[in-house]
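Biologist: Mind walking me through this fold? I've got questions, and I'd like to see how you get to each answer.

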Amino acid sequence: MSGARATATPPLGPPRTPARPVPAADPWSADPYADALRAGRGPLFLRRTDGWLLPLDVERWCAEPDPADLDVLGRCEGAVLDVGCGPGRLVAALGAQGRRALGIDVSEAAVAHTVRRGGRALRASVFDPLPGTGRWDTALLMDGNIGIGGDPAALLHRMARVLTAGGLLLAETVPYPDVDERLTVRVTGPYDTPGAPFPWARLGTPALLRRARASGWRAEDRWSTDGRTFVALRPPPRTPSATPTTPTGEEGHPAPGP
């Protein structure tokens, strides 16, 4: 499944931070998250409204890619968009391989960390206008990022627009098959200083496959490595109205050239 596809690739340009401000309620810009990334370690958690805590693996995010990560990177095709790139271990690794890759994250600290590691990154939400929309060969939703926005169906719809026709989505799922939940959480550190609440979702592989099939996605593969679980999906056929036809990409960025 690895190897570049013969499609146009989005011009990335130099790393930059858009002028638009991130809303003050942006949960991933809360101090506990930024502090953990700067330190390269936790503890850091997602706290549910009932007090339940989900540990976040900051040390792994800030380290070099592990065997499970490298397995995913070996499956990437063409130009890669890492959605919710965090501190950028995957974007930097792809760049070191000479691959065209861009990370996006709503956290300023995460984008800065990615750039320091040598990766290209943009401070943005996946639901914002993005460069090269409709022309990315591969998109990554790693480290539980299928939960972004708390609505997996809406996220899958957006990813189908981001990817090129026939593109590849590589998503990491919860390694417990029965998990299928939408919840409200806060980012919190060791001193119980939670940020603003935001919607999130957690899906095991069966739940993601059910939602993907309902949205017209085709499952290409599913696997596990070192206790982590993943799914490879192809988007639904693109209708003519969903095909990019303008000479520019979203947000005024040039569309991929020939």
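What follows is a chat about the sheets, the packing and a few odd backbone spots.

Biologist: Before the details, how many helices and strands does the protein chain have?
Modeller: Keep in mind that this is a predicted model. The protein chain has 258 residues, and 52% of them count as buried. Among contacts with a separation of 6 or more, 68% link residues 24 or more positions apart. As for secondary structure, the tally is 7 helices and 11 strands.

Biologist: Which strands sit at the edges of the sheet with 7 strands?
Modeller: That sheet is open and mixed in its pairing, and its order reads S5-S4-S3-S6-S7-S11-S10. An edge strand here pairs on one side only, which fits strand S5 (121-123) and strand S10 (218-225). On average, neighbouring strands in this sheet are turned by 20° against each other, direction ignored. The edges, then, are S5 and S10.

Biologist: Do S6 and S7 run parallel or antiparallel, and what is the bridge partner of Ala-139?
Modeller: Strand S6 covers residues 136-141 and S7 covers 163-173, with 5 bridges joining them in a parallel arrangement. Looking across from Ala-139 into S7, the bridge partner is Leu-169.

Biologist: What angle does helix H7 make with S11?
Modeller: Helix H7 (residues 205-214) packs on the sheet and touches S7, S10 and strand S11 (228-234). For another helix, H5 (residues 108-116) lies across strand S4 (101-105) and S5, at about 165° to S5. Back to H7: its direction makes an angle with that of S11 of about 10°.

Biologist: Now the sheet of 4 strands: why is one side of S2 and of S9 left without a neighbour?
Modeller: This open sheet is antiparallel, in the order S2-S1-S8-S9. Strand S2 (53-55) and strand S9 (198-203) stand at its edges, so one side of each lacks a neighbour in the sheet because each has a single partner strand. Neighbouring strands here are turned by 45° on average, direction ignored.

Biologist: And which residue in S2 stands opposite Phe-45?
Modeller: S1 and S2 run antiparallel and are joined by 3 bridges. Across from Phe-45, in S2, stands Pro-55.

Biologist: Which helix gives the most to the largest nonpolar core?
Modeller: That core has 46 residues, and those with the most contacts inside it are Met-159, Leu-169 and Trp-217. Met-159 touches Val-83, Val-126, Ala-139 and Leu-141 among others, and Leu-169 and Trp-217 are on its contact list too. The helix giving the most, with 5 residues, spans 152-162 and is H6.

Biologist: How many residues are in the second, separate core?
Modeller: Its members include Ala-68, Leu-73, Val-91 and Leu-140. The size of this second core is 18 residues.

Biologist: Is Thr-133 buried or exposed?
Modeller: Thr-133 lies in the loop between S5 and S6. Its side chain reaches the backbone oxygen of Leu-130 at 2.9 Å, and its C-alpha atom is separated by 8.0 Å from that of Thr-164, 31 residues apart along the chain. Buried means under 20% relative accessible area. Thr-133 has 12% relative accessibility, so it counts as buried.

Biologist: How many disulfides are there by your count?
Modeller: Two cysteines worth a look are Cys-62, buried at 17% relative accessibility, and Cys-85, buried at 6%. A disulfide needs cysteine sulfur atoms within 2.5 Å. By that rule the count is 0.

Biologist: Which peptide bond is cis, with omega near 10°?
Modeller: Most peptide bonds are trans, so a cis one is worth a check. This one leads into Pro-43, in the loop between helix H1 (31-39) and strand S1 (45-48). The cis bond runs from Gly-42 to Pro-43.

Biologist: Which side chain makes a polar contact with that of Asp-143?
Modeller: Asp-143 is in the loop between S6 and H6, and has a positive phi of about 55° although it is not a glycine. Asp-143 touches residues including Trp-61, Arg-89, Glu-172 and Arg-228. The polar contact, at 3.0 Å, is with the side chain of Arg-60.

Biologist: Last one: is Asp-226 buried or exposed?
Modeller: Asp-226 is in the loop between S10 and S11, and its phi is positive, about 50°. With 60% relative accessibility, Asp-226 counts as exposed.

Notes:
Residues are numbered from 1 along each chain as its sequence is written. This is a predicted model: local features need pLDDT of at least 70, side-chain atom pairs count only at pLDDT 80 or more; totals for chains, interfaces and linings use all residues. Side-chain values use heavy atoms; hydrogens and water are left out. Two strands pair if DSSP finds at least two bridges between them. Helices (H or I, at least four residues) and strands (E, at least two) are DSSP runs, numbered from the N terminus. Axes are lines fitted to C-alpha atoms, for helices over the stretch in contact, and angles run from 0 to 180 degrees between N-to-C directions. Contact means heavy atoms within 4.5 Å. Buried means under 20% relative accessible area, exposed over 50%, partly exposed in between (1.4 Å probe, protein chains only). A polar contact is a pair of N or O atoms within 3.5 Å; within protein, one must be able to donate a hydrogen and the other to accept it, and residues adjacent in sequence count only if both atoms are side-chain atoms. A nonpolar core is a set of buried Ala, Val, Leu, Ile, Met, Phe, Trp, Tyr and Cys residues joined through side-chain atoms within 4.5 Å. Lists of a residue's contacts leave out its neighbours within four places in sequence.
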